[in-house]
Amino acid sequence: MAESPFKVEIERVKKEYSEKMTPGAVVYLPGSSVVNKTGSWRVFMPEFNRDKCVRCYLCYIYCPEPAIYLDEENYPVFDYDYCKGCGICANECPTKAIVMVREAK
Amino acid sequence: MAVRKPPITTREYWVPGHAACAGCGCAVALKLATKAFSEAMEEKYGDPNAFAIAQATGCMEVVSAVFPYTAWKAPWIHVAFENAAAAASGVEAAWKKLGRKGKILAIGGDGGTADIGMQALSGMLERWHNVVYLMYDNEAYMNTGIQRSSSTPYGAWTTTSPPGKYSIGEDKPKKWVALIAAAHQVPYVATASIGNPFDFVRKMKKAAKVDGPAFVQVQCTCPTGWKSPLEKGVEIARLAIETGIWPLFEIENGDFHNIKIQAPGGGAKVKREGGKIVAIEFKKPIEEYLKLQGRFKHLFKKPEAIDVMREQIKAMWKVLGVEVTLPKPGE
Amino acid sequence: MPIRKVMKANEAAAWAAKLAKPKVVAAFPITPSTLVPEKISEFVANGEMDAEFIKVESEHSAISACVGASAAGVRVFTATASQGLALMHEILFIAAGMRLPIVVAIGNRSLSAPINIWNDWQDSISERDTGWLQFYAENNQEALDLILAAFKVAEDERVLLPAMVGFDAFILTHTVEPVEIPDQEVVDSFLGEYVPKHAYLDPARPITQGALGFPAHYMEARYTVWEANEAAKKVIDEVFEEFEKTFGRRYHKIEEYKTDDADIVLVTMGSLAGTVKEFVDKKREEGVKIGAAKITVYRPFPVEEIRALAKKTKVLAILEKDISFSIGGAVFADTSRALINEKEKPVVLDFILGLGGRDVTFENLEEIVSIAKKAIDGGVEEEVYWIGLRKEIL
């Protein structure tokens, strides 16, 4: 399975990250928010059934985070580090390949 | 099995780790808007990154850029609440002088656009800056905790339009900024919705590619402010289109006689004359849209208010040159 | 060779802008500054100035567009006054906080109400806590010179702060004087090109400008603006020195006049300094030991220079065209703060005068001197003296 593009980003951000105050409080590290793992907000989590997926990309298009990326075969992959569990993907999935389940914490 | 290519670029300019609420419809809009922009810039200039963003204070600003972090991978500036259009004008002027190719994307919420930023928006459009202004319309001041704006629809509960003994909730019809923008006779104005992302992306790309100013008003569900289920954000936005609440249209060069209307779907019957949509018979009652949102819950005890809303919607469509019929539940 | 031309301060400011070659000018008309954008429009229309002139719909948008352009990495100029500057107020803090070296020419004018288009300093004085550098010109030549100097100070990497250059409404904005216009090449080498390392909005190097600062970071951001203001003190001295070497005219944060043996020093700013110096000459002829001091740089406030001046005299009489209600004048408050912990200090007197274009006459200055003389022996009767007030209509 393809590695999350955001995980790669985390490595970059961690290496270059600085809390040092800059002139104008400018943030010089684009996309550095990837270190904030918002997956901890989640109550329900999307469960994905690859066999039912028709690769319509709707979940990929709608995810507000985005916490869904595509693997080599263009199947969606869910990055649970960021998924806040809103369930839009499951609600919009035309084949019910995604279902929301209460997450055991 | 042959697999379609993803319908939109996989480049991300809006990355995760931002603090938008779960199910935020505005986050969907911004993600898609930047992707669309990137595609447009690639097609027009051969450089997918040839844009910068100037954003007004608001939900999407505070959740995306918190020192020393940012969710943005495009050059981005926030100045204040009312001046995204003016700041974008400045960026555009500087780019022109630097000989930099590309387009500026100004972003504001409905408060920052329809209300406090109206003047700066009008100025930017009138001066013909090469800027696309994207108004993400979640129909109230959500960043300060759900107060009504002039873009709040009739009947909606907000913290400053609470229903009560003497109040139906918000008592004015929604102000349509897209129509005001179009009156500037700018090359391109459109309404869009996260309920129809392909239409939205197409319009953003068109806006990004025209020479000169453009304005796109996109309806975005706010589960927090609309008191709606997190997972229903896109469904609600789609119902807004299908019930007649949210018209999808395009106006080029201020030509109000040739407004392009997009068919709403949802079983609505569309009547065309000379290729133009002149009448729509909606099949889904607006109640289907309203009932999914806590902000309209009180209206169901005063159904006459929903009829008032229906009359207002008809009047709005009339401005667009379309006669509509809106069914009542069970009709 | 520099050329001499007779012109109004507004024109001098426009010439300064032309010489500084800003890439973007965003301006909105307001009395008494309107001639500045008019003249710049002409320069642009004639191809004498290669700037993008944004004809904005308000001063709020003027400064907002300036912020956008400066954040994109180019030199930026605008002009305003009075209500226009007040309308910019919100964004002034932001320009300083984002460390954008915008230069604004101010035709110093009163604030409403009542509406009044004439001179005092309430407009820019009221912006003293925004983080902006503030320069005040005595004459039209200074208006031109200080705008050039302001760009150089503002863009210095140790500073990176916006700057306003004030010159008095009508007294300077609309009055012609001979002004020496320096050679373009000389100005070019003095200013150099502005290529910021901190703010550029460039797709090749995407950055985020104007992020939210939580309590964990806000205070440090504010502190760096404080530090930049402190650093500006030394940079201004350096720039004034280089200015003299380049253009032959010498500026000081505070310019002293016949202060060495003075019992009384009249401290003021702007065009009033000219009147006061003439008055000092007259009194010196009468044998009165009196001097004058002109504050050219009001922000950063020249604390050290005020202390040095204070050591020379028995009375510092602050003459100012602004009010900080219930305190007196802002310059008085700042001067007092500079001296508060000094072991020996002169009496500091506060004189409010010339508001809303009221003439300041030698008669007024005589009254001030007689009050100051009494004060030497401990006779301070009022905390704030209103000079030239028409008590008969009150």
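Q: Where in chain C is the place of Pro300(C)?
A: In this predicted model, Pro300(C) lies in the loop between strand S13 (297–299) and helix H10 (303–310) of chain C.

Q: What makes the peptide bond that joins Arg299(C) and Pro300(C) cis?
A: Its omega is about 0 degrees, and the bond is accordingly listed as cis. Most peptide bonds are trans.

Q: Which bond joins Thr31(C) and Pro32(C), and what is its omega?
A: A cis peptide bond joins Thr31(C) and Pro32(C), with omega about 5 degrees. Pro32(C) sits in the loop between strand S2 (24–27) and helix H2 (35–45) of chain C.

Q: What is notable about the phi of Asn74(A)?
A: The phi of Asn74(A) is near 65 degrees, a positive value in a residue other than glycine. Most residues other than glycine have a negative phi. Asn74(A) belongs to the loop between strand S2 (68–70) and strand S3 (76–78) of chain A.

Q: Why does Asn74(A) count as partly exposed?
A: Asn74(A) has 15 C-beta neighbours inside 10 Å. A buried residue needs 20 or more, and an exposed one has 12 or fewer. The value for Asn74(A) falls in between, so this residue counts as partly exposed.

Q: How is Lys227(B) placed, and what is its phi?
A: Lys227(B) is in the loop between helix H8 (223–226) and helix H9 (233–242) of chain B. Its phi is positive, about 50 degrees, although Lys227(B) is not a glycine.

Q: Why is Lys227(B) called partly exposed?
A: Within 10 Å of its own C-beta atom, Lys227(B) has 15 others. Because that count lies between the limit of 12 for exposed and the limit of 20 for buried, Lys227(B) is partly exposed.

Q: What makes up chain B in terms of helices and strands?
A: Chain B contains eleven helices and 15 strands.

Q: Why is chain B called as compact as a globular protein of its length?
A: The radius of gyration of chain B is 19 Å, and the globule rule gives 20 Å for 331 residues. The two values are close, so chain B is as compact as a globular protein of that length. Along the principal axes, its C-alpha atoms fill a box of roughly 60 × 50 × 50 Å. Buried residues make up 62% of the 331 residues in chain B.

Q: How do you know that S6(B) and S10(B) pair?
A: Pairing requires at least two bridges. Six bridges join strand S6 (residues 131–137) to strand S10 (residues 214–219) of chain B, so the two strands pair, and they run parallel. Tyr133(B) stands opposite Phe215(B) in S10(B).

Q: What makes S4(B) and S9(C) a pair across two chains?
A: Two bridges join S4(B) to strand S9 (residues 208–209) of chain C. Because two bridges suffice for pairing, these parallel strands count as a pair. Trp76(B) has Thr208(C) as its bridge partner in S9(C).

Q: Why are strand S12 of chain B and S9 of chain C called edge strands?
A: The nine strands form an open sheet with mixed pairing, in the order S12(B)-S11(B)-S9(B)-S10(B)-S6(B)-S5(B)-S1(B)-S4(B)-S9(C). Strand S12 (260–261) of chain B and S9 of chain C each pair on one side only.

Q: Which residues form the side of chain B that touches chain C?
A: In total, 38 residues of chain B are in contact with 37 residues of chain C. Helix H3(B) gives the largest share of that side of chain B, twelve residues. The side divides into 24 nonpolar, ten polar and four charged residues.

Technical notes
Residues are numbered from 1 along each chain as its sequence is written. Chains are lettered from A and ligands numbered from 1 in the order in which they are written. This is a predicted model: local features need pLDDT of at least 70, side-chain atom pairs count only at pLDDT 80 or more; totals for chains, interfaces and linings use all residues. Two residues are in contact if their C-beta atoms, placed from the backbone, lie within 7 Å. Helices (H or I, at least four residues) and strands (E, at least two) are DSSP runs, numbered from the N terminus. Ala, Val, Leu, Ile, Met, Phe, Trp, Tyr, Cys and Pro count as nonpolar, Asp, Glu, Lys and Arg as charged, and the others, Gly among them, as polar. The radius of gyration is taken over C-alpha atoms; the globule rule is 2.2 Å times the number of residues to the power 0.38.
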